[in-house]
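Here is a walk through a two-part model, meant to be read with the structure open beside you. We'll go strand by strand, then look at confidence, the contact between the chains, and the cores.

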Amino acid sequence: MKQIKKLVTLLTALVLCLVPLFGNTMTVNAAGNTYYIKYVEDIQQWRFLPNPWSEGGYHRELYYMQLDLKDGDVIVVDDKDTANTINLEVNVNLSSLYVNTASISNITAKSIENCYIIENGKSIINAPVKNAYVYDQALGQFNSDVENLEVIASKGDVLNATVGSNGGVKHLKAYSSKLHYEFYDFAPGALSIVNGELKSTAGTYSAAPSAPVVTPAPAAPSTPAAPSGEYDDVPKTADVRFNPLWLMALAAACFAGSYALKKKD
Amino acid sequence: MKQFKKILSFILTLIAIGCLIAAVTIAFLHKKEDRDAEEAIRDATVSQSATSTPQPQISEPPQATAVPTAEPVTPTAEPTATPVPAIENPYRDYYLANSDMAGWLIVPDTVINYPIMWTPEDENYYLYRDFKKRDNNNGCLILDTDSSLAPLTTNLIIHGHNMKSGAMFGNLTDYEKKSYFEDHKQIILYTPECQRNYEVIAVFRSQVYKKTDDVFKFYKFFQANTEEEFRDFYDNIKALSLYDTGVTAEFGDRFITLSTCVYHVTNGRFVVVAKEVEPGDYYLPIE
């Protein structure tokens with residue numbers, strides 16, 4: 001019995017020591033839930049799954065997704081095969097929206113923090129967007145304001161995306177492995193990019209921001225200024241890995257302590 | 001009391017064993033992480049058949065191979081009259097494997113032989129990711145988003161981790177010794193267009209300051225459009241330099257700055273600045 005107790009104590013202690021090592025594997029998803037939407041040919045309906053799509057998964061009508069949706073959730077509309085369009089209206093503030101549909105998807109939301117239209121995706125977005133990313137051959141039409149719009153060629157150096165906006169666009173950046181162009185303050189309806197080429201009329205946007213796109217410079221002393229303790233934003237390149245030598249030193253100290261106690265007896 | 005001492009002794013032994021096991025495990029995980037980072041680069045190349053690669057247009061025999069030499073490159077007095085031969089980029093496969101790669105950095109006879117990543121939409125994307133975009137504490141070398149290769153800015157700032165294992169910029173602080181500088185004066189940057197050669201001009205310790213601090217911030221210098229802007233940077237790095245490298249620069253010269261964390265102060269940085277000298281080979285476009 002004594003032996004068993006000793007063994008149990010030893011195993012427990014080992015587990016307690018090892019838990020901090022593997023604690024990082026248990027990540028907590030601080031973002032909302034993610035919903036995957038796809039067209040199901042068999043029943044000729046758009047359906048959703050709360051997991052990455054699997055053919056055997058128990059997908060449900062979009063109506064049920066509407067009931068579950070809340071602010072901060074993520075929606076992925078990924079169907080490169082179907083010729084069917086989707087009109088999706090959600091009454092929430094989405095944290096992210098991903099679109100990669102062969103036909104045009106018409107998406108309406110309260111607002112979208114990050115909107116990604118990727119590969120050959122085509123989408124009309126009816127929501128104010130904070131950050132919009134249009135990749136490669138994608139097509140994006142934004143019917144509300146966009147704060148930051150990036151047009152990206154992820155493969156090669158040629159821009160191919162087509163983008164329009166009925167709202168204003170505060171900041172536009174188009175790049176591949178190099179910056180192609182960067183402009184600011186597009187008037188509502190002014191932004192037009194066709195196959196990567198900016199077609200907007202001169203005078204409807206500016207080459208420099210009219211207002212700072214970063215935190216405003218400190219105001220007069222009577223008004224609140226930026227925190228004086230804030231450091232410049234430079235990549236932190238320290239080695240963050242825990243040095244196992246500390247553990248070995250602790251082990252040596254514990255062995256020494258244990259030995260000293262036994263010797264005193 | 002005796003019983004208490006026995007129990008305490010037992011507990012201490014348990015803790016010691018647990019710490020030893022944990023230390024060995026952590027060391028093993030670190031080694032694995034280092035191996036993964038190396039493999040991510042080694043295995044990243046896209047296989048290209050000999051028939052599909054375009055034939056290089058060489059108008060004369062290449063004057064230099066893509067392999068860097070240990071001899072320092074000295075600037076020529078006049079531009080050469082013969083056409084510059086264009087050959088295939090030696091890192092073409094890496095560019096094709098990951099479009100975030102901006103260039104390749106080599107400091108001859110050191111471990112510094114890594115791709116440089118540039119992600120303007122998220123500067124820190126590769127801070128803790130390897131070349132294959134997997135989580136890895138070694139990260140990759142990062143070209144500061146305010147630096148640019150096309151168009152080329154006056155100063156290119158490259159950040160890299162100061163790894164205790166010596167990987168990445170873990171041995172950059174060896175430049176503190178002038179003898180080390182004497183043996184490692186050359187830095188080579190391979191870009192999509194050409195091989196760019198540099199010689200070390202200044203080595204110093206600095207730090208990241210507060211936004212409101214009115215001091216020389218080496219990490220804020222990217223472009224010198226006037227002599228005054230150039231001199232502000234040049235005079236400061238020369239004044240801060242731990243020793244005189246004997247290398248000088250003038251308005252119009254371009255630089256590369258290697259930066260890594262050190263711990264002499266909060267947010268400390270160790271910085272090596274090098275001046276661009278005569279370029280090497282020019283390359284065919286990567287397609």
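## The sheet in chain A

Let's start with a pair of strands: β2 (residues 45-49) of chain A runs antiparallel to β3(A), and 2 bridges hold the pairing. If you want a spot to click on, A:F48 sits opposite A:R60 in β3(A). Keep in mind that this is a predicted model.

That pair belongs to something wider. In chain A there is an open sheet of 10 strands, ordered β3-β2-β1-β4-β6-β8-β10-β12-β14-β15, and its pairing is mixed. Why is one side of β3 and of β15 left without a neighbour in the sheet? Both β3 (60-61) and β15 (179-186) of chain A stand at the edges with a single partner strand each, so there is nothing in the sheet on the other side.

Now move to the β15 end. Strand β12 (residues 146-152) of chain A lies parallel to strand β14 (residues 169-175) of chain A, whereas β14(A) and β15(A) run antiparallel. The link between β14(A) and β15(A) is a hairpin of 3 residues. Here are the pairings described so far, side by side:

| Strand pair | Sense | Bridges | A residue pair to look at |
|---|---|---|---|
| β2(A) and β3(A) | antiparallel | 2 bridges | A:F48 and A:R60 |
| β12(A) and β14(A) | parallel | 6 bridges | A:V151 and A:A174 |
| β14(A) and β15(A) | antiparallel | 6 bridges | A:Y175 and A:L179 |

Stepping back, chain A as a whole has 3 helices and 17 strands. Of its 265 residues, 27% count as buried. Take the contacts in chain A between residues at least 6 apart in sequence: 20% of them join residues at least 24 apart.

## How far to trust chain A

The mean pLDDT of chain A is 80, and 78% of the residues score at least 70. Which elements of chain A have the lowest and the highest mean pLDDT? Helix α1 (residues 2-22) of chain A is at the bottom with 57, and strand β11 (residues 139-142) of chain A is at the top with 94.

Two stretches deserve some caution. Residues 22-30 of chain A have a pLDDT below 50, and beyond near neighbours in sequence this stretch makes 0 contacts in the model. Residues 214-227 of chain A are also below 50, with 5 contacts beyond near neighbours in sequence.

## Where the chains meet

On the chain B side, 47 residues are in contact with 43 residues of chain A. Two elements of chain B give two or more residues to that side, namely α1 (2-42) and β8 (255-262). The largest share, 19 residues, comes from α1(B). By type, the chain B side divides into 23 nonpolar, 16 polar and 8 charged residues.

## The cores

The largest nonpolar core has 63 residues, and those touching the most other members are B:I116, B:M117, B:L141, B:I158, B:I256, B:V272 and B:A274. Strand β7 (residues 195-207) of chain B gives the largest share of this core, 6 residues.

What is B:V272 in contact with, leaving aside its neighbours within four places in sequence? The list is B:L172, B:Y175, B:V200, B:V203 and B:L258.

There is also a second, separate core of 47 residues, and its members include A:C115, A:A127, A:A174 and A:F186. You have met A:A174 already, as the bridge partner of A:V151.

Technical notes: Residues numbered from 1 in each chain as written. Chains lettered and ligands numbered in written order. Predicted model: local features only at pLDDT ≥ 70, side-chain atom pairs only at ≥ 80, totals over all residues. Pairing = 2+ DSSP bridges. Helix = DSSP H or I, 4+ residues; strand = E, 2+ residues; numbered from the N terminus. Contact = placed C-beta atoms within 7 Å. Nonpolar A, V, L, I, M, F, W, Y, C, P; charged D, E, K, R; others polar. pLDDT = per-residue confidence, 0-100. Buried ≥ 20, exposed ≤ 12 C-beta atoms within 10 Å, placed from the backbone. Core = buried A, V, L, I, M, F, W, Y, C linked by C-beta atoms within 7 Å.
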